[in-house]
Amino acid sequence: FTIRATDAQGQTSDREFTLTSSYFTGTAYYLVVAGGGSGGNERGGGGGAGGYLTNYGGSAYTLAQGITYTVTVGNGGAAKATNNQGRGYSGDNSLFTGSNITDITAVGGGGGGGSSPEQVGSVGGSGGGSMENNNGASGTSGQGHAGGNGYQGTPHYGSGGGGGSSNAGINGSANGGGNGGEGLTNSINGSAIQYAGGGGGGVYNNVSTIGLGQAGGGNGGSGADSGNDIGATDGTNGLGSGGGGAARYGGHTSPSGAGGKGVVILRMSTSDYNSKTGITGTYSASSVGTDTAITWTASGNITF
């Protein structure tokens with residue numbers, strides 16, 4: 001553009017100026033999954049899945065220059081050892097935060113209920129399943145579902161499965177522990193992957209039937225069957241799945257399964273990704289058509 005100026009002597013002249021700008025603004029989609037809860041000990045309920053939040057397929061978030069966006073990846077709840085009784089441990093929250101966006105906080109999955117002492121499942125992103133005649137714990141609205149109820153009767157005590165991001169955990173029954181709730185499938189990184197499945201419930205005095213991890217993606221841990229010396233399994237790391245509940249047969253108690261670690265994924269145009277000025281944490285970046293998906297498996301940040 002041109003500016004015409006007059007100096008102190010009354011002389012008029014034109015000066016040419018060119019404006020340049022490095023201001024960045026871009027958009028991104030997110031998937032934020034919290035850590036899953038672990039299964040409870042001794043006839044334990046399944047651990048609830050970590051909370052599941054995404055805007056993929058909806059309205060994108062606006063990212064701006066000069067702002068550092070922080071990613072926090074929640075750990076799963078630790079397994080309950082045979083000498084560590086009671087309910088399982090809840091998973092940790094996962095977050096995506098920045099000064100110009102509404103913070104995204106996925107709530108850690110609730111631990112499964114356990115015995116000695118008797119403790120029902122914990123509330124969480126999805127709730128932990130409970131044992132005996134107790135109701136499963138509730139999940140967080142918009143993030144997950146409740147755990148299944150326990151069953152106390154003959155011939156076996158069956159504990160409820162942990163809740164999942166798609167549906168509630170299944171109630172325990174006379175035949176064994178309930179399945180964990182199913183997870184939800186998301187393709188934000190270019191692959192259809194099921195996230196946040198609940199852990200299966202354990203059993204008491206059972207000789208045949210175990211509580212299975214969530215159906216479909218299979219990322220929720222399976223409940224234990226001490227009668228057949230089948231131990232509980234862990235939820236899958238990076239998917240926020242719940243761990244399987246422990247079991248007891250006679251004097252033998254198996255440990256529960258740990259909850260799976262959560263994950264945070266951002267997807268943006270590759271040109272926007274190339275405009276970043278810094279990125280930290282344990283992450284991987286992959287091309288998805290004209291976009292780039294960044295997957296964090298441990299906490300970090302990204303700055304534009």
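Start by selecting Y56: in this predicted model, Y56 is partly exposed, with a relative accessible area of 33%. Now add Y29, which is partly exposed too, at 27%. These two tyrosines belong to the six aromatic pairs that the structure holds. Their ring centres lie 5.9 Å apart and the planes meet at 90 degrees, so the pair is edge-to-face. Trace the chain between them and you cover 27 residues: Y29 is in strand 3 (residues 25-33), while Y56 belongs to the loop between strand 4 (52-54) and strand 5 (61-64).

**Next stop: Y69 and F304**

Select Y69 and F304 for another aromatic pair, again edge-to-face, with 6.3 Å from centre to centre and 65 degrees between the planes. This one links distant parts of the chain, 235 residues apart. Y69 comes from strand 6 (residues 68-72), and F304 from the segment after strand 19 (300-303). Are Y69 and F304 buried or exposed? Both of them are buried.

Keep those two on screen and add Y30, Y61 and F96. Ring pairs link Y30, Y61, Y69, F96 and F304 into a cluster.

**One residue back: T303**

Step to T303, in strand 19. Its relative accessibility is 17%, so T303 counts as buried under the 20% cut-off. Which side chain does the side chain of T303 meet in a polar contact? Show T68 as sticks: the two side chains make that contact at 2.8 Å. Apart from residues up to four places away in sequence, T303 touches I67 and T68, and also K276, T277 and G278.

**The open sheet**

Switch to cartoon and colour strands 8, 7, 6, 19 and 16. In that order, the five strands form an open sheet with antiparallel pairing. Which strands sit at the edges? Strand 8 (104-106) and strand 16 (278-279) do, each pairing on one side only. At the strand 16 end, two bridges join strand 16 to strand 19 in the antiparallel sense. To see one of the matched positions, select I279, whose bridge partner in strand 19 is I302.

**Lysines over rings**

Select K276, one of the residues that T303 touches, together with Y273. The charged end of K276 sits over the ring of Y273, 3.8 Å from its centre. Then jump to K80 and Y89 for another arrangement of this kind: K80 lies over the face of Y89, at 4.4 Å from the ring centre.

**Strand 18 and its partners**

Now select residues 291-296, which make up strand 18. How many of its six residues are buried? Six of the six are, and the strand is mostly covered. In a regular strand, side chains alternate between the two faces of the sheet. Turn on the side chains here: D291, A293 and T295 point one way, T292, I294 and W296 point the other way, and all are buried.

Add strand 15 (residues 263-269), which runs antiparallel to strand 18 and is joined to it by six bridges. Within that pairing, I265 has T295 as its bridge partner. Next show strand 17 (residues 283-288), also antiparallel to strand 18 and also joined to it by six bridges. Here S287 is partnered with T292. Strand 17 and strand 18 form a hairpin with two residues between them. If you like checking torsions, pick G289 in the turn: its phi is positive, about 65 degrees.

**Two loop residues to finish**

Go to N171, in the loop between strand 9 (157-158) and strand 10 (184-186). At 42% relative accessibility, N171 counts as partly exposed. What does its side chain reach at 2.8 Å? Select N149 and look at the backbone nitrogen: that is the atom reached by the N171 side chain. Leaving aside neighbours within four places in sequence, N171 is in contact with G148, N149, G160 and G178. For a distance label, draw a line from the C-alpha of N171 to that of S130: they are 8.7 Å apart, with these positions 41 residues apart along the chain.

Last, select T140, in the loop between strand 8 and strand 9. T140 is partly exposed, at 25% relative accessible area. Beyond its neighbours within four places in sequence, T140 is in contact with V107, G124 and G125. One more C-alpha distance closes the tour: T140 to S165 is 9.8 Å, for residues 25 apart along the chain.

Notes: Residues are numbered from 1 along each chain as its sequence is written. This is a predicted model: local features need pLDDT of at least 70, side-chain atom pairs count only at pLDDT 80 or more; totals for chains, interfaces and linings use all residues. Side-chain values use heavy atoms; hydrogens and water are left out. Helices (H or I, at least four residues) and strands (E, at least two) are DSSP runs, numbered from the N terminus. Buried means under 20% relative accessible area, exposed over 50%, partly exposed in between (1.4 Å probe, protein chains only). Contact means heavy atoms within 4.5 Å. A polar contact is a pair of N or O atoms within 3.5 Å; within protein, one must be able to donate a hydrogen and the other to accept it, and residues adjacent in sequence count only if both atoms are side-chain atoms. Two strands pair if DSSP finds at least two bridges between them. Rings of Phe, Tyr and Trp (its six-membered ring) pair if their centres lie within 6.5 Å; planes under 30 degrees apart count as stacked, over 60 as edge-to-face and the rest as tilted. A charge sits over a ring if NZ of Lys or CZ of Arg is within 6 Å of the ring centre and within 35 degrees of the ring normal.
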